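Got your viewer open? Here is a short tour, one selection at a time.

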Amino acid sequence: MAGISDRSFRRLCRSFGADFAVSEMVSAKGLVYGDRKSRILLAPDASDKPHWVQLFGSEPEIIREAAQIAMAAGADLIDINMGCPVRKVVKTGAGAALLQEPQRAAKIMQALDRSPTVPYTIKVRTGWDHETFVLNNFIEMAAKFNAKALICHPRSAKMMFSGKADWEQLFLAAEKASLPIIGSGDITDTETAKNYLAHPALSGIMLGRGTYGRPWFFREIKELLENGKNWLPDSGLKRETIFKHGELLKEEYGEKHSLLIYRKHLAWYIKGIPGAAAFRKKIFTLTDHTAIADTVNELFHKPAINHF
Ligand SMILES: Cc1cc2nc3c(=O)[nH]c(=O)nc-3n(C[C@H](O)[C@H](O)[C@H](O)COP(=O)(O)O)c2cc1C
C-alpha cells in the first residue's frame, strides 16, 4: 500500500504473523531511469522473506527491465499493479488504466513470462466501471502467461473505495480460475477473514486498511484459525508496538521525516479510545520522538487506557 507498507510497517506486520507483506508500489520507469526514490522503495527489510515488490507502469519492456532490476536488488516475487484507480497513476496508462487496455496488459504479462527468472503476480480490480467487468479475462491472461497468482480487490476502479467489495463476484471468478486467486477488500474482523479463507476457490486473503493502527490484526486472525481464540493485544503490547513503530520509522526515515509518518499511524493507533481527540491534537504540536513517547505514556497511565 502506497504510503503505508514501508519497511517499518512490513516489519511490524511480519512480526505479528503476516505470511507476506508487499512493498509500496514502485515506478517501473523510475527504476529503469535510476530514480533515487524508486530505488529506496525497492530496498528490502530484513523481515522481507520473501520480498514481494509491486511495480507500476504501462510499457511492457520497461516493466520487464524494472522487474529484473528489482530481482537483482533482492526481490523474490514481483507484483504488477493493474488496479490502482488514483488519477496520478491512471493518467500515465498504469494501474487501473490497464483494465481498459487488456491487450497492453497481456503484453506486460507476456514480457514477464519471457523472463523465466522473474516470478510475478498481478493485482487487479474487477473492471474499470460497473459495465466493464474484465476479471475473468484478466484471470485467463494471467494463467496463460504463467503468473503465480492474481490478487483482486473486487470493486471497479470507478468506485474508488465507495460501496462494498463484491466478494461473491470474486468467488465466482475464482471457481473457474486455473491459478491461485487472492482476495482483498473490506476485511476488518477476524470472522470475515476466517470465512473468506475457508472458501475453497481462494488461495489467500490480503489485508489493507484493516491493519491501520492494528498491525497485530494478522495475529488476531491466526489465533482464531489455529487456536480458536479471540485474541487481542493487551495495552502493554499495544504501547510496546507503538514505540517499536516509532523506532523503526526513525531508522528508516530519520528523526524529522519519520515524525510526519509516525503521527499518521499514532492517530490510527488511538482511534476510538477516550481522550483520543486531545491526544491527536497534542501530538501534532510535538516535534520530537521523546515528547511523543512521553505523551503516549501519559495516555497509557490514565485509567481510560483500560479501554484501549
Ligand atoms: C492508502 C492506500 C494505498 C494503497 N496502495 C496500493 C498500492 O500501492 N498497490 C495496490 O495494489 N493496492 C493499493 N491499495 C489497495 C489495497 O491494497 C487494497 O486492495 C484495498 O484497499 C482494499 O482492501 P482493504 O479494504 O482491506 O483496504 C491501497 C489502498 C489504500 C487505502
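Before we zoom in, take the long-range view: residues 24 or more positions apart make up 64% of the chain's contacts that have a separation of 6 or more. Keep in mind that this is a predicted model.

**Whole chain**

Show the cartoon. You should find 14 helices and seven strands in the chain. The radius of gyration is 20 Å and the globule rule gives 19 Å for 308 residues, so the chain is as compact as a globular protein of that length. If you line the view up with the principal axes, the C-alpha atoms fill a box of roughly 60 × 45 × 30 Å. Colour by burial next: 41% of the 308 residues count as buried.

**The ligand**

Now select the ligand and bring up its surroundings. How many residues surround the ligand? There are 20, and the closest are Met1, Met25, His153, Gly208 and Arg209. Colour that shell by residue character and you get seven nonpolar, nine polar and four charged residues.

**Strands E5, E6 and E7**

Hide the rest for a moment and pick strand E5 (149–156) along with strand E6 (181–184). E5 and E6 pair in the parallel sense, over three bridges. To see the register, click Cys152, which stands opposite Gly183 in E6. Then follow the backbone: the chain goes from E5 through H8 to E6, a right-handed β-α-β crossover.

Add strand E7, residues 204–206. How many bridges join E6 to E7? Three, and these two strands run parallel. Ser184 is a handy marker here, as it stands opposite Met206 in E7. Trace the connection again: from E6 the chain passes through H9 to E7, and this β-α-β crossover is right-handed. While you have side chains on, remember that in a regular strand they alternate between the two faces of the sheet.

**Two positive phi angles**

Stay in this part of the chain and select Met160, in the loop between strand E5 and helix H8 (167–175). Met160 has a positive phi of about 50°, although it is not a glycine. Is Met160 buried or exposed? Met160 counts as exposed because it has 12 C-beta neighbours inside 10 Å, and 12 or fewer is the cut-off for that class.

Jump on to Asp186, in the loop between strand E6 and helix H9 (190–198). Asp186 is not a glycine either, but has a positive phi of about 65°. With 19 other C-beta atoms within 10 Å, Asp186 is partly exposed; a residue needs 20 or more to count as buried.

**A cis peptide**

Next, select Lys49 and Pro50 and check the bond between them. A cis peptide bond joins this pair, with omega about 0°. Pro50 sits in the loop between helix H3 (36–42) and strand E2 (52–56).

**Last stop: Val90**

Finish in helix H5 (residues 87–90), where you will find Val90. What does Val90 touch, leaving out residues up to four places away in sequence? The answer is Pro85, Gly95, Ala96 and Ala97. Draw a distance from Val90 to Ser58 as well: their C-alpha atoms are separated by 9.5 Å, with the two positions 32 residues apart along the chain. Val90 has 19 C-beta neighbours inside 10 Å, so Val90 counts as partly exposed.

Notes
Residues numbered from 1 in each chain as written. Predicted model: local features only at pLDDT ≥ 70, side-chain atom pairs only at ≥ 80, totals over all residues. Near = placed C-beta within 6 Å. Nonpolar A, V, L, I, M, F, W, Y, C, P; charged D, E, K, R; others polar. Helix = DSSP H or I, 4+ residues; strand = E, 2+ residues; numbered from the N terminus. Rg over C-alpha atoms; globule rule 2.2 N^0.38 Å. Contact = placed C-beta atoms within 7 Å. Pairing = 2+ DSSP bridges. Right-handed = clockwise from strand over helix to strand, strands pointing away.
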